[in-house]
Amino acid sequence: MSTTTTGLGLERTRRLGVETTGIEIIEESERTARPQDLFWPWFAANVSVFGLSYASFVLYFGISFWQGVLVSVIGIVVSFLLCGVIAIAGKRGSAPTMILSRAAFGVNGQKVPGVISWLVSIGWETFLAILAVLATSTIFTRLGWGGGDGTKVVAAVVVAALIVSASVAGYHIIMRMQSVLTWITGIVTVLYMALTIDDINWSAVQDIPAGSTQAVIGALVMVMTGFGLGWINIAADWSRYQKRTASGPSIVAWNTFGGALAPVVLVLFGLALAGSSTEILDGVAGDPIGTLATLLPTWFLVPFLLAAILSLVSGAVLGIYSSGLTLLSLGVKLKRPQAAAVDGVLLTLGTFYVVFVAQDFAGPFQSFLITLGVPLAAWAGVMIADLALRKRDYDDEALFDPAGRYGSFDWAAIGTMVVASLVGWGLVINTFSDDASWNNWQGYLLGPLGLGGRDGAWAFANLGVLFALLIGLVGGYLLRRSTVQRQESGTA
């Protein structure tokens with residue numbers, strides 16, 4: 001049975017405004033995107049002013065401003081470069097990332113990383129929605145419009161409705177929306193920087209003492225996980241409409257440029273702001289966007305709020321669109337818009353819980369991020385190795401056939417991911433033991449490997465994410481080389 005879309009799919013999308021294409025292969029006639037088109041969704045999703053607040057998380061590692069600059073630039077660019085590499089799979093196979101992952105893990109074996117990917121996407125989109133609600137409450141309070149529970153309820157409903165409606169509409173609507181949001185959020189962000197540049201105290205910034213090597217590595221891993229690695233599981237979702245003849249290096253370059261440009265500028269500016277004031281540094285943990293708004297004149301609060309919400313919604317839309325595709329790849333029998341709607345309900349419930357029940361979300365979120373970041377990094381390593389080994393486009397039919405050349409389970413890939421994850425979890429610790437006690441089991445290899453145990457200097461370096469990525473990459477390349485050769489020769 002053919003798994004490509006028909007030409008009617010695109011016509012229905014243009015007529016109804018809702019993308020009906022799900023996880024099937026995109027038909028050749030519909031692959032009309034150019035590499036430069038990738039700039040818009042990646043830039044719009046990452047121009048969020050939340051990037052400014054990420055600087056506080058960097059400085060919390062106890063490193064200097066210049067060390068923060070170094071880890072921010074390297075971490076952001078390299079992590080989005082890895083996204084660009086995964087995006088090549090999209091143009092080779094014209095299917096969602098987790099469907100293409102079947103070539104490496106097997107048609108059914110892909111469900112192992114698929115569940116991790118779905119959880120990461122759900123977590124990210126819910127987190128962004130929470131930020132938008134809290135920012136609305138803080139700014140409304142300052143304006144004297146009331147920022148209590150009533151405001152939060154309305155904000156949560158509106159934000160969730162925006163995110164779900166856009167993600168249900170699908171790829172073509174999202175691409176047009178992102179190109180507009182890029183200009184709106186970009187202009188307001190530049191104005192924010194112009195209005196707050198006088199709040200930077202360069203003397204205080206320069207006086208921040210330097211941190212240890214372990215702290216620098218820990219901050220680097222946190223930046224990589226929070227930016228590019230947080231998106232890597234959906235990178236091919238936005239390149240699947242690229243022509244098969246599109247330049248691979250161009251796809252990598254535009255993906256990296258679009259994703260990294262805004263975060264680099266925002267985090268560097270944020271480092272200067274956070275390094276100038278302990279109030280900003282400490283306030284970001286509870287309400288990142290609202291804390292940044294305290295520096296603004298009253299007349300600019302409404303434009304800032306609208307831009308902040310739109311930028312956060314933009315990022316959440318990419319997440320929920322892709323989480324819906326991932327849900328379908330796991331075998332859930334729904335249409336793509338329905339899958340996006342299901343994830344939208346989960347997003348709404350999660351937002352209401354955190355805003356109205358949980359006392360703190362920054363700590364548990366970062367603990368969650370590092371925990372899932374380990375197996376996600378392991379999957380990324382295996383996937384990148386698979387891409388490096390392949391010389392041909394994917395076999396479209398085999399991606400949906402457990403009896404095809406990719407098989408039902410690739411135990412070498414699954415085993416590599418499991419081993420990499422176990423090693424990775426043993427080399428990270430839960431730095432939020434009070435807020436996320438369910439994660440206190442991590443770090444079990446720090447003592448046996450002579451790294452000082454859970455209380456040693458290396459405990460905060462988050463080496464596990466890097467080791468998981470490297471083990472996945474090297475293990476996937478060495479253990480699956482002959483498998484990929486057999487698959488491409490048609491003898492698997």
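**Helix packing and aromatic rings**

Let me begin with the aromatic side chains, where F39, W40, F43, W183, W254 and F257 are linked by ring pairs into a cluster. Before going further I should say that what we are looking at is a predicted model, and I will try to keep my wording careful for that reason.

Staying with the rings for a moment, the number of aromatic pairs comes to 17, and I would like to take two of these pairs in turn. The rings of Y54 and F57 have centres 5.3 Å apart and planes at 85°, and since planes over 60 degrees apart count as edge-to-face, that is the name this pair receives. Both residues belong to helix α3, where Y54 and F57 are 3 residues apart, about one turn of the helix, and both of them are buried.

The second pair is F409 with W411, whose ring centres lie 5.0 Å apart with the planes at 10°, so this pair is stacked. Are these two residues buried or exposed? F409 counts as partly exposed because its relative accessibility is 40%, while W411, with a relative accessible area of 61%, is exposed.

Let me now return to helix α3, which covers residues 50–59, and to its packing with helix α11, residues 213–226: the two axes are 9 Å apart, and the angle between them is about 150°. That angle makes α3 roughly antiparallel to α11, and the crossing of the two helices is right-handed. Which residues of α3 and α11 meet? On the α3 side they are Y54, F57 and V58, and on the α11 side A219, M222, V223 and G226. Sorted by class, this contact between α3 and α11 has 6 nonpolar residues, 1 polar residue and no charged residues. Y54 and F57, then, take part in the contact with α11 and also form the edge-to-face ring pair described earlier.

The other helix pair I want to show is α4, residues 65–93, with α13, residues 248–276, where the axes come within 7 Å of each other and cross at roughly 155°. Angles over 145 degrees count as roughly antiparallel, and α4 and α13 are therefore described in that way. The crossing of α4 and α13 is right-handed, and the residues of the contact divide into 20 nonpolar, 7 polar and 1 charged.

Note on methods
Residues numbered from 1 in each chain as written. Predicted model: local features only at pLDDT ≥ 70, side-chain atom pairs only at ≥ 80, totals over all residues. Heavy atoms only, no water. Axes fitted to C-alpha atoms, helices over the stretch in contact; angles between N-to-C directions. Helix = DSSP H or I, 4+ residues; strand = E, 2+ residues; numbered from the N terminus. Parallel < 35°, antiparallel > 145°, perpendicular 65-115°, else oblique. Left-handed = near helix turned anticlockwise from the far one by under 90°. Contact = heavy atoms within 4.5 Å. Nonpolar A, V, L, I, M, F, W, Y, C, P; charged D, E, K, R; others polar. Phe/Tyr/Trp six-rings, centres within 6.5 Å; stacked < 30°, edge-to-face > 60°. Buried < 20%, exposed > 50% of the residue type's maximum accessible area, 1.4 Å probe, protein only.
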